[in-house]
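Trainee: I have this model open and would like to go through it with you. Could we start with what counts as a contact?

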Amino acid sequence: MLHKRTGRVIGLAMLVVTMLSARPLPAQDIAIANARIVIGNGTVINSGTIVVRGGKIVAVAPGAATQGLKTIDAKGMTAMPGFIDAHRHINTGPNEKTQMQALLEAGYTTILSGGGPADGNITLRDHIEKGVINGPRIIPSGRIALRGNTPEMARAEVRKLADMGVKFTGEIALTPVPGPSDQELEVLRAVVDEAKKAGVFVQVHSVSSPALVAGIDAGVKLFVHLPNKNFVSREEGKKLADAGAKILTTTGFGPPVFGVFADDNKPRFRDGKPWPESIVDGVRLGEEAGYAMVNARTVWDQGGIVGYCTDTTYDPLAGLNQELKVLNVMFSMQDIIRLMGPNTASYIQMGDQLGTLEPGKIADITIVEGNPLDGYWNMLRTKMVLKGGVIVVDKTKR
């Protein structure tokens, strides 16, 4: 039997070891050499070096100096900005470690939560930042309902989010068909007004063009995904662009999913139930698939800022594949990279820090095998991921 004092000493030592192991890893000084570098702003360096110091990118050039740095030979691979999902439903829970690791393995370095509860988002973020689990950068959001709320109640909820340090509302739903009610819009206008005072960014879920236009008229600047109930006209797309508003994709909302929930070659909707009958608020059994991707192109062509999201809860790699293959119908690879990089960074209010591989930016870098400009499928072949200059995924030795 251990002496009580000895037992206390051992217990203290174990506590110290646990605390040390839970600390986040420090950023390293790294050089990624011989890489094809997709900057994210349209520029491509066919063979170059990225130098990272203290978690930031300090040089991106064909022949940057690498002396004294840990050097990664990325020959045959492509370095591109870490993937950002600006609307994915995540929260703390018993499976968070596995789920967050899967996001990193797919190439994601930043996730804006799709909705509350906000305290669960904060807990998940803190687990990652303290090194309890490995995961992407988490930006919390919190729910605010329009229906059943008065303007003053909604204002109080905005202030509560601000007091918690939450900078984004979760998706605020507007009735799509026939459109939002006067009561919804009265509450929404109060939310927008209070959010400006509190420093909170308002995100609206408007899945029809009437709801989208009503949101724009109410002063909303962030829309969590494209309408999937009808086509957006060119005039409506220009209205969004002229308002300085931004919208996310989710073009993969309606198309069938294969091989994610079961390997039986049967089409399923994003919740695993039969396609198309189980589509939420289905519009004539699957027309959503056509509306969303055409609307993405319409808004883009009118000068609107279209960013990237998956709005999924299932496997991150499968969700990435689903969204990319539908975007590929409407966009070039150059535009998909712009859409996923600087446009999405702008949506999450981090355009000065993320989205491109340029000096001064945070060193969030996803390295993939092959050339993504040859096809979106190469973006599914992640070999290494750096988040803030720390290597969080390394498949190069597997």
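Mentor: Two residues are in contact when they have heavy atoms within 4.5 Å of each other, and please keep in mind that this is a predicted model.

Trainee: Okay, so which residues does K229 touch, leaving out those up to four places away in sequence?

Mentor: With those sequence neighbours set aside, K229 touches P176, V207, S208, V280, D281, V283, E288 and Y291. K229 itself sits in the loop between β11 (222–223) and α7 (234–242).

Trainee: Is K229 buried, and what is the nearest side chain of opposite charge?

Mentor: K229 is buried and yet has no salt bridge, the nearest side chain of opposite charge being that of E288, 4.2 Å away. Because a salt bridge requires the nitrogen to be within 4 Å of a carboxyl oxygen, the 4.2 Å to E288 does not qualify.

Trainee: Then which side chain does K229 make a polar contact with?

Mentor: The partner is the side chain of N228, and the contact is 2.7 Å.

Trainee: Changing topic: what is the strand order in the open sheet of 3 strands?

Mentor: The order is β6-β7-β8, and the pairing is parallel. β6 (83–88) and β8 (137–139) are the edge strands, and each has a single partner, so one side of each has no neighbour in the sheet. On average, neighbouring strands of this sheet are turned by 15° against each other, with direction ignored.

Trainee: How many bridges join β7 and β8?

Mentor: Strand β7, residues 108–113, pairs with β8 over 3 bridges in the parallel sense, and I111 stands opposite I138 in β8.

Trainee: Which strands does helix α10 touch when it packs on the sheet?

Mentor: Helix α10, residues 333–347, touches β6 and β7, and its direction makes about 45° with that of β6.

Trainee: What about backbone oddities, say, where are cis peptide bonds found?

Mentor: As background, most peptide bonds are trans, and most residues other than glycine have a negative phi. Here the bond from V177 to P178 is cis, with omega near 5°, and P178 lies in the loop between β9 (168–173) and α5 (182–198). The bond from W275 to P276 is also cis, with omega near 0°, and P276 is in the loop between β12 (246–248) and α8 (288–301).

Trainee: And what is the phi of R284?

Mentor: R284 has a positive phi of about 50° although it is not a glycine, and R284 lies in the loop between β12 and α8. With 60% relative accessibility, R284 counts as exposed.

Trainee: Where is Q349 found?

Mentor: Q349 is in the loop between α10 and β14 (365–369). Its phi is positive too, near 65°, and Q349 is partly exposed, with a relative accessible area of 34%.

Notes
Residues numbered from 1 in each chain as written. Predicted model: local features only at pLDDT ≥ 70, side-chain atom pairs only at ≥ 80, totals over all residues. Heavy atoms only, no water. Pairing = 2+ DSSP bridges. Helix = DSSP H or I, 4+ residues; strand = E, 2+ residues; numbered from the N terminus. Axes fitted to C-alpha atoms, helices over the stretch in contact; angles between N-to-C directions. Buried < 20%, exposed > 50% of the residue type's maximum accessible area, 1.4 Å probe, protein only. Lys, Arg positive; Asp, Glu negative; His and termini not counted. Polar contact = N/O pair within 3.5 Å; in protein donor to acceptor, adjacent residues only side chain to side chain.
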